[in-house]
Amino acid sequence: MTSRSLFARLLVGALLLFALPLAAQAPARSDEVKAPDPKWIVGEPAGPPLTGVELEKETARVASLLRCPVCQGLSVNDSPATMAQNMKRQVRDLVAKGYSEEQALIYFEKAYGEFVRLEPPMRGVNWLVWGAPVALLVIGGVFVVFVVKRMQRATKESSESAQRALPGRDTLPDDEHLAHYVLRTRELAYGWPGGVSPDSRETSGEVAR
Amino acid sequence: MPHRRVVERPSLNRKVLIAGLVVVVPFIVLLVMNLGRDPRKVDSPLIGKQAPPFSLRQVGTPAVVDLAALRGKPVVLNFWATWCVPCYAEHPVLVAAGRQYEGKVQFVGVVFDDQEDKIAQFLRENGTSYPTLFDESGKTAIAFGVYGVPETFFIDANGKIVDKYVGPLDPATIEAKLRLAGAFR
């Protein structure tokens, strides 16, 4: 054995001597380090643990319902911010343990407030956010129908009264004496028997006198 | 009849005016009410609640500090990072306060979104008077609803969060918040 290979073996041995206790120490250390337990915040998981593709899908879905607190306009699923990535990792851990969507959302809501939910939950004052657009749409629709009907009625009435006001071929004055002269004039001028227009005679089938 | 129209018009206008006011006035009231409010400030829902329990390793040592073990005196839990500029200004204030209230109040630093060697170097260069813990996963920061750094939680002797402060602290604010946490009783 050359002195060089002996040195190399000694070096590897020395490295192993130092590395082994470190490797043994590392897991023991991480066991002691405990992030706040989700159980303490939202209780026991509601569903079965998830793994694989299902876990990734559910993680992305739940993370897309959470607002990234440092970017505000983006969901935790879409944001590249470290804070959002940490949160997404936490979502994955929660979902993997079997925590439901609602439990995961409550976990973050308890720390960040309702603001962390991208969709405000349907409760309390939030009903206004969900209900107001529908209510306004209905009220607006009723209002538009009401206004349009009133406008239609007004147009119909005004056109009817306008038609009534316009003198036609067979319009007669209210004064009976005068009406008699008008009919006589029409008879003489147009040759209509009795002063009644042929159209009126056809439609009504009788002679106005 | 023309005179009827003259009567109808003002009544229709009044209706439109009232409808307009019903829509606009609440918005104006909301706007005026919130004019002086800082839009970035969101009150922590954790205030008045028990602090989430955690145990984290102290930077540069194998020692683990458990928050529950610190019960008995108020705790100042300061979240910070070495890349955060305001934290540089805040650090000497906290170190001085840690010395000033030694024995009465426990100051604890928690660093997340950072590298341990950088934190150790920062502490070597700038000194410290209290333990600094490393939240490698960032989960403790999440459980405390931390948005950014620096953010500081004031916890009373029973482990209840009494207040949260966003931004760099000054000695007067620390004193006022410690009073809330019952440090001078």
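Of the 209 residues in chain A of this predicted model, buried residues make up 17%. The secondary structure of chain A comes to 8 helices and 0 strands, so that reading along the sequence gives the pattern α-α-α-α-α-α-α-α. When the contacts of chain A are restricted to pairs at least 6 apart in sequence, 50% of them join residues at least 24 apart.

Helix α3 of chain A, which spans residues 52–63, offers a place to look at burial in detail. This helix has 12 residues and reaches 17 Å from its first C-alpha to its last, close to the 16 Å expected at 1.5 Å a residue. Within α3(A), the residues A:Glu58, A:Thr59, A:Val62 and A:Ala63 are buried. Because these residues cover an arc of only 125 degrees around the axis, they lie on the same side of α3(A). On the other side of the helix, A:Val53, A:Glu54 and A:Lys57 are exposed. The partners of the buried residues of α3(A) are α4 and α5 of chain A, against which they pack.

That packing can be followed from the viewpoint of A:Val91. Once its neighbours within four places in sequence are left aside, A:Val91 is in contact with A:Thr59, A:Val62, A:Ala63, A:Val76 and A:Ala104. Both A:Val91 and A:Ala104 also belong to the largest nonpolar core, which has 61 residues, and they are among the members that touch the most other members, together with B:Val110, B:Val111 and B:Ile155.

Turning to the contacts between the chains, 19 residues of chain A are in contact with 22 residues of chain B. On the side of chain A that touches chain B, the elements giving two or more residues are α1 (3–32), α2 (38–42), α4 (82–97) and α5 (101–112). Among these, α4(A) gives the most, with 4 residues. By residue type, this side of chain A divides into 11 nonpolar, 4 polar and 4 charged residues.

In chain B, the residue B:Val65 is found in strand β2, which covers residues 64–66. B:Val65 counts as partly exposed because it has 19 C-beta neighbours inside 10 Å, whereas a buried residue would need 20 or more. Leaving aside its neighbours within four places in sequence, B:Val65 is in contact with B:Ser55, B:Leu56, B:Gln58, B:Val108, B:Pro131 and B:Leu133. One of these partners, B:Val108, is 43 residues away from B:Val65 in sequence, and the two are 9.3 Å apart in space, C-alpha to C-alpha.

Terms used: Residues are numbered from 1 along each chain as its sequence is written. Chains are lettered from A and ligands numbered from 1 in the order in which they are written. This is a predicted model: local features need pLDDT of at least 70, side-chain atom pairs count only at pLDDT 80 or more; totals for chains, interfaces and linings use all residues. A residue is buried if 20 or more other C-beta atoms lie within 10 Å of its own, exposed if 12 or fewer, and partly exposed in between; C-beta atoms are placed from the backbone. Two residues are in contact if their C-beta atoms, placed from the backbone, lie within 7 Å. Ala, Val, Leu, Ile, Met, Phe, Trp, Tyr, Cys and Pro count as nonpolar, Asp, Glu, Lys and Arg as charged, and the others, Gly among them, as polar. A nonpolar core is a set of buried Ala, Val, Leu, Ile, Met, Phe, Trp, Tyr and Cys residues joined through C-beta atoms within 7 Å. The expected span of a helix is 1.5 Å times one less than its number of residues. The arc is that of the directions from the helix axis to the C-beta atoms.
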